[in-house]
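Please open the model in your viewer and keep the sequence panel beside it, since each stop on this tour begins with a selection.

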Amino acid sequence: MAAAPVVISQDEVRSLLRYRDLIPRLEDALAKFSRRDSADVIQPVRSTSDPIQYFGLMPTYMENDGVLCTKVLCFYKRQAGSALPSVQSTVLILDPEYGNVQAVIDGEVITGMRTAAASAISAKLLMPARAEVLAILGSGHQARSHYSVFTEIFTFKEVRVWSQTRASAERFSDWAGGAVRVCGSAEEAVRGADVIVTVTRATEPVLLGQWIKPGAHVAAVGACRPDWRELDDALMKEAVVYADSKEGAKAESGDIILSGAEVFAELGDILNGTSPAHREKTTVFKSLGMGLEDAVSAKLVFDRWRAKNSQT
């Protein structure tokens, strides 16, 4: 009889997962995904339904790596000021041979870190060679995870933040130890910035192409529904657009669907050397997030958890 699954809490995940270990594993996984070898990765586009407001399943099977995993995601569009969470997620690791659940892992830290790490990989591949200014639009959990990884692996002379309310942006700046300049508008934040991260709950564009200097790189993380936008048509049609998954972007991204923009390549295509990184041009990485990224992150957490507990 299979052993009962272990439960790994949010605090435990936070203590076990590190960007320096996660990023190279995600790069390897993204490259495998873009090769479309079913022995490397089988990952269907996220399946969703609306029994609440958004319920998603994100399964992944990696035969060669012995990984079978799915994330269960619940998303709620809360009223302003609600104390209830807008997103809850749990990652399940299963034994690929027997099918039993081996681990139930809190998904919040995994989601935040793997998303930010993917954005950092996009910047590593696509941002200008001398990037000095980072702008973050948004001030929530994803803004914090992006700030953490971008300032850990890159060196910027200035970091700016804008949020829908100045109070939220100031709380973010306080959390960052005052190392972030709070801006009064999105335009002020992004003018002259080399790298722009959009992590908002916007359903209409908050970033306009006319504000962006040529050659800037945008990591667009919000607007994960087909009818939501963060970026305007001018930016989407002028930039070279990359994605984590072309299929995912075409099915789920309002920025792609509503603008009619073409996805030039996946990050994995750059990593595989099959598509160029147009670092000299204005680029957009449209991040939707993939079950593959959750699977790689959760496997790392589970392996670390087992190693730690085998010694006690």
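The stops below go from a helix to a strand, then to a loop, and end with the cysteines.

Bear in mind throughout that this is a predicted model.

**Helix α2**

Begin by selecting residues 19-35, which form helix α2. With 17 residues at 1.5 Å a residue, this helix should span 24 Å, and its end C-alpha atoms are indeed 24 Å apart, so the expected and modelled lengths agree. Now colour the helix by accessibility: α2 is mostly covered, with 12 of its 17 residues buried, among them Tyr19, Asp21, Leu22, Glu27, Lys32 and Phe33. To see what those buried residues pack against, show α3 (108-126), α4 (141-153), α8 (246-252), the strand β13 (265-266), α10 (267-272) and α11 (291-310). Before leaving, step just past the end of α2 to Arg36, whose phi is positive, at about 55 degrees.

**Arg160 in strand β8**

Next select Arg160, which is found in strand β8, residues 158-162. Is this arginine buried or exposed? Its relative accessible area is 8%, and because the limit for a buried residue is under 20%, Arg160 is classed as buried. Display its side chain and follow it to the backbone oxygen of Arg191, which it reaches at 2.7 Å. Expanding the selection to its contacts, and leaving aside residues up to four places away in sequence, brings in Val133, Leu134, Ala135 and Ile136, then Val180, Arg181 and Cys183, and finally Glu188, Ala189, Val190, Arg191 and Ala193.

**Val199 in a loop**

Move on to Val199, which lies in the loop between β10 (195-198) and β11 (217-220). Although it belongs to a loop, Val199 counts as buried, at 11% relative accessibility. Beyond the residues up to four places away in sequence, it touches Ile136, Leu137, Gly138, Gln142, Ala143, His146, Val221, Gly222 and Glu230; Ile136 is also among the residues touched by Arg160. For a distance to check in the viewer, take Val199 and Gly107, which are 92 residues apart in sequence and 18 Å apart in space, C-alpha to C-alpha.

**The cysteines**

Finally, select the cysteines: how many disulfides does a search of the whole structure find? The search finds 0 disulfides. Cys74 is in none, and the nearest cysteine sulfur to its own, that of Cys224, is 13 Å away. Cys74 is buried, with a relative accessible area of 18%, and Cys183, which you met as a contact of Arg160, is likewise buried, at 4%.

Technical notes
Residues are numbered from 1 along each chain as its sequence is written. This is a predicted model: local features need pLDDT of at least 70, side-chain atom pairs count only at pLDDT 80 or more; totals for chains, interfaces and linings use all residues. Side-chain values use heavy atoms; hydrogens and water are left out. A disulfide is a pair of cysteine sulfur atoms within 2.5 Å. Buried means under 20% relative accessible area, exposed over 50%, partly exposed in between (1.4 Å probe, protein chains only). Helices (H or I, at least four residues) and strands (E, at least two) are DSSP runs, numbered from the N terminus. The expected span of a helix is 1.5 Å times one less than its number of residues. Contact means heavy atoms within 4.5 Å. A polar contact is a pair of N or O atoms within 3.5 Å; within protein, one must be able to donate a hydrogen and the other to accept it, and residues adjacent in sequence count only if both atoms are side-chain atoms.
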